[in-house]
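User: Please take a close look at one pocket of this protein and at the residues around it. I would also like to see how that part fits into the chain as a whole.

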Amino acid sequence: YADPCDGVALHTALFVDVEATGLDTANDRIIEFAAVPFTYCPDSGRIHEVLAPYVALEDPERDIPPEVQALTRITPDMVRGRRIDDARVAELLAAARLVIAHNAGYDRPMLERRFPAFARKPWACSLSDVPWGHFDVRGTKLEYLLFQRCAEFFEGHRAEDDCLAAIHVLATCCAKGNPFRMLLERARRPTYRVRALDARFEVKDVLKARGYRWDAERRVWYRDCAPDGLDAELAWLCAECYDHRVAPDDLRARHVVAFDAKVRY
């Protein structure tokens, strides 16, 4: 077997996951954090070695809702007086070229509130940055991906288990391609954020079904897309959201912001 990375320096990525008191990234607090570093070839996208995970519980200093306890199996007694080691997190971040999460739009703001250094790293998302439909997979929950792509099962919603399952799915190649290489290619491309400014309330369900997310701070629906999908997205927004009252070129000027991997998610 000839390793396609012979002679190429390996990079280190950090897969992260958090469990928290809820889904509000501005107010809820982390109760468990896991970070799993792994090495990979930047050219081939082949994952080489999964390194020792770091896992820690943290006292949120507030109640953990019963539904969260049932989902995560984390109780108030387990977290009482516990704290994530800031120095260890800084050490892991310093060694990583890329931070990855399965739904980075949730994990990134949660972690940046707790550890501001996460804002200075490029991010990728195993949920959004891999075209799972290309692999004939229609669901993107980790439990489903692991079963469909790897014929394996796991009990999710503990941070370390979620990280390891996601890395396994990303590393599982087939005749249709290498998921992790596709993630790297997507993460390296510039991205455009399309905002549905002044959209009518009546179209919110249409926007949500299209993959738009609600930005509570700016009070606007938005979606990130690759450069080769921008024209189609603006045409769709013009037709479905604005009833052709404005042209795609006008939307391009007012509704699109370009950004790179360091400010994604």
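Analyst: Contact here means heavy atoms within 4.5 Å. The model is a predicted one. With that cut-off, Tyr265 is in contact with Ala104, Gly105, Arg108, Pro109, Trp123, Ala124, Cys125, Ser128, Asp129 and Arg193, leaving aside its neighbours within four places in sequence. Tyr265 itself belongs to the segment after β10 (256-259). Between the C-alpha atoms of Tyr265 and Ser126 there are 12 Å, while 139 residues separate the two along the chain.

The part to look at closely is the second largest pocket. Rolling a probe the size of a water molecule over the atoms shows where empty space is left. The second largest pocket holds about 250 Å³ of space. Which residues line the second largest pocket? The lining is made up of Asp28, Arg29, Ile30, Glu58, Asp59, Pro60, Glu61, Arg82, Arg83, Met110, Arg113 and Arg114. By class, 9 of the lining residues are charged and 3 are nonpolar, with no polar residue in the lining. Helix α4 (residues 104-114) gives the largest share of this lining, with 3 residues.

Ala20 is a useful reference for this part of the chain. Its place is in strand β1 (residues 11-20). Is Ala20 buried or exposed? Ala20 has a relative accessible area of 8%, under the 20% limit, and is therefore buried. Beyond its neighbours within four places in sequence, Ala20 is in contact with Arg29, Ile30, Ile31, Val68, Tyr106 and Met110. Arg29, Ile30 and Met110 are also among the residues that line the second largest pocket. Pro60, another residue of that lining, is 40 residues from Ala20 in sequence, and their C-alpha atoms are 8.4 Å apart in space.

Some residues elsewhere can be set beside Ala20. Ala70 is in helix α1 (residues 66-72). Its relative accessible area is 64%, over the 50% limit, so Ala70 is exposed. From Ala70 to Leu127 the distance is 24 Å, C-alpha to C-alpha, with their positions 57 residues apart in sequence.

Two loop residues deserve a check of their backbone angles. Arg219 is not a glycine, yet has a positive phi of about 55°. It sits in the loop between β8 (213-215) and β9 (220-225). Arg219 counts as exposed because its relative accessibility is 62%, and the limit is 50%. His244, also not a glycine, has a positive phi of about 60°. The loop that holds His244 runs between α9 (230-240) and α10 (248-255). With 58% relative accessibility, His244 counts as exposed.

As for the whole, the protein chain has 10 helices and 10 strands. Its radius of gyration is 20 Å, close to the 18 Å that the globule rule gives for 265 residues, so the chain is as compact as a globular protein of that length. Along the principal axes, the C-alpha atoms fill a box of roughly 55 × 55 × 35 Å. Of the 265 residues, 47% are buried. The accessible surface of the chain is about 13,700 Å², and carbon and sulfur atoms account for 50% of it. Among contacts between residues at least 6 apart in sequence, 66% join residues at least 24 apart.

Key:
Residues are numbered from 1 along each chain as its sequence is written. This is a predicted model: local features need pLDDT of at least 70, side-chain atom pairs count only at pLDDT 80 or more; totals for chains, interfaces and linings use all residues. Side-chain values use heavy atoms; hydrogens and water are left out. On a 1 Å grid over the protein atoms alone, a cavity is a set of points where a 1.4 Å probe fits but cannot get out, and a pocket is an open set with protein on both sides within 12 Å along at least five of seven lines; lining residues have an atom within 4 Å of a point. Grid points are joined across faces, edges and corners, and a volume is the space filled by probe spheres set on the points. Helices (H or I, at least four residues) and strands (E, at least two) are DSSP runs, numbered from the N terminus. Ala, Val, Leu, Ile, Met, Phe, Trp, Tyr, Cys and Pro count as nonpolar, Asp, Glu, Lys and Arg as charged, and the others, Gly among them, as polar. The radius of gyration is taken over C-alpha atoms; the globule rule is 2.2 Å times the number of residues to the power 0.38. Buried means under 20% relative accessible area, exposed over 50%, partly exposed in between (1.4 Å probe, protein chains only). Accessible areas come from the Shrake-Rupley method with a 1.4 Å probe; for residues, only the protein chains shown count as cover.
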